[in-house]
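Student: Please choose one single part and take me through it closely, and then show me how it fits into what surrounds it. I would like each criterion stated with its cut-offs.

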2 protein chains.
Amino acid sequence: MSGEVQGKGGVQWVKRDAVHPMSTAAGVEMRPMFGEGFLTCWVKLEPGAGVPQHSHVHEQVGVVTAGSLSVSAEGETRTLSEGEAYLVGPHVPHEATAGPNGAELVETFVPVREDFRELWERSRPS
Amino acid sequence: MSGEVQGKGGVQWVKRDAVHPMSTAAGVEMRPMFGEGFLTCWVKLEPGAGVPQHSHVHEQVGVVTAGSLSVSAEGETRTLSEGEAYLVGPHVPHEATAGPNGAELVETFVPVREDFRELWERSRPS
């Protein structure tokens, strides 16, 4: 699938720093891994960077691993830090903004976000 | 679904320390979050703890967030640390053992592992 993904058959071994990044919004860098039925990304947001309200058919879970992220969904805003997560169902509008030290997350989308696969392919260094 | 999961409708807010753990092997502690189509877990392994070779119909991705983990699949063994991940497809035998400082991961299974849901329910503190 990619020279960056080392593996054969049914196993993939992935190093974050070997995956070229894509940017889905200003200050937001995602490094994806593709399964058959899911997309998991290392996500890094610069301080104050964020993603405006949006929704998609995919379920999503975001697990904060560093920094802080304010997430809004269904009329509620919570600021999450390491050891906290949010899950949003299909078609649920949500938005997020990183705190003053930025944020790092592991995010998963089910099924694969094909728009992200296309963006990632277009982001490949030439 | 659970008093530990705070949310309504299409969003769940989850704090790791508020999710009761389940143990899938000696020295292996998992704190799960359930979507409709996936199960994501905070996983913590004590030094040297591991999971013997097994396989399942679910796709799996494990993202190491701390410590180190030696994973074997398809005749290859790799020791992964923070910023590294493995993906295994359905029915691919795999095993894993934590390094001398233990390991922490964010793991996702697609679809939901119903055996883990049942174990988690049985593990609920009375």
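Tutor: The answer below begins with one strand and then widens step by step.

This is a predicted model, in which local features need pLDDT of at least 70 and side-chain atom pairs count only at pLDDT 80 or more, whereas totals for chains, interfaces and linings use all residues. Residues are numbered from 1 along each chain as its sequence is written, while chains are lettered from A and ligands numbered from 1 in the order in which they are written.

The part I choose is β9(A), residues 84-88; helices (H or I, at least four residues) and strands (E, at least two) are taken as DSSP runs, numbered from the N terminus. Five of the five residues of β9(A) are buried, so the strand is largely enclosed by the rest of the structure. Here a residue is buried if 20 or more other C-beta atoms, placed from the backbone, lie within 10 Å of its own, exposed if there are 12 or fewer, and partly exposed in between. The cover extends to both faces of β9(A), with Glu84(A), Tyr86(A) and Val88(A) buried on one side and Ala85(A) and Leu87(A) buried on the other.

Within its own chain, β9(A) runs antiparallel to β7(A), to which four bridges join it, and two strands are said to pair if DSSP finds at least two bridges between them. In this pairing Gln60(A) stands opposite Val88(A). Across the chain boundary, β9(A) pairs with β2 of chain B, residues 11-15, again in the antiparallel sense and over five bridges. There Val88(A) stands opposite Val11(B), and Glu84(A) stands opposite Lys15(B).

This pairing belongs to a contact that takes 34 residues from chain A and 34 residues from chain B, two residues being in contact if their C-beta atoms, placed from the backbone, lie within 7 Å. On the chain A side, β2 (11-15), β7 (59-73), β9 (84-88) and β10 (94-110) each supply at least two residues. By class, that side has 15 nonpolar, ten polar and nine charged residues, where Ala, Val, Leu, Ile, Met, Phe, Trp, Tyr, Cys and Pro count as nonpolar, Asp, Glu, Lys and Arg as charged, and the others, Gly among them, as polar.

As for the relation between the chains, a rotation of 180° with 0.0 Å of shift along its axis superposes chain A on chain B, with an RMSD of 0.0 Å; the two copies are thus related as by a two-fold rotation axis. The same surface serves both copies, since 100% of the contact residues of chain A recur in chain B. The superposition is by least squares on the C-alpha atoms of residues with pLDDT of at least 70 in both copies.

To place the strand in its chain, chain A has one helix and ten strands, following the pattern β-β-β-β-β-β-β-β-β-β-α along the sequence. Buried residues make up 40% of the 126 residues in chain A. In contrast to β9(A), where five of the five residues are buried, Asp17(A), in the loop between β2 and β3 (22-25) of chain A, is exposed, with 11 other C-beta atoms within 10 Å. Ser126(A), in the segment after α1 (114-122) of chain A, also counts as exposed, with 2 C-beta neighbours inside 10 Å.
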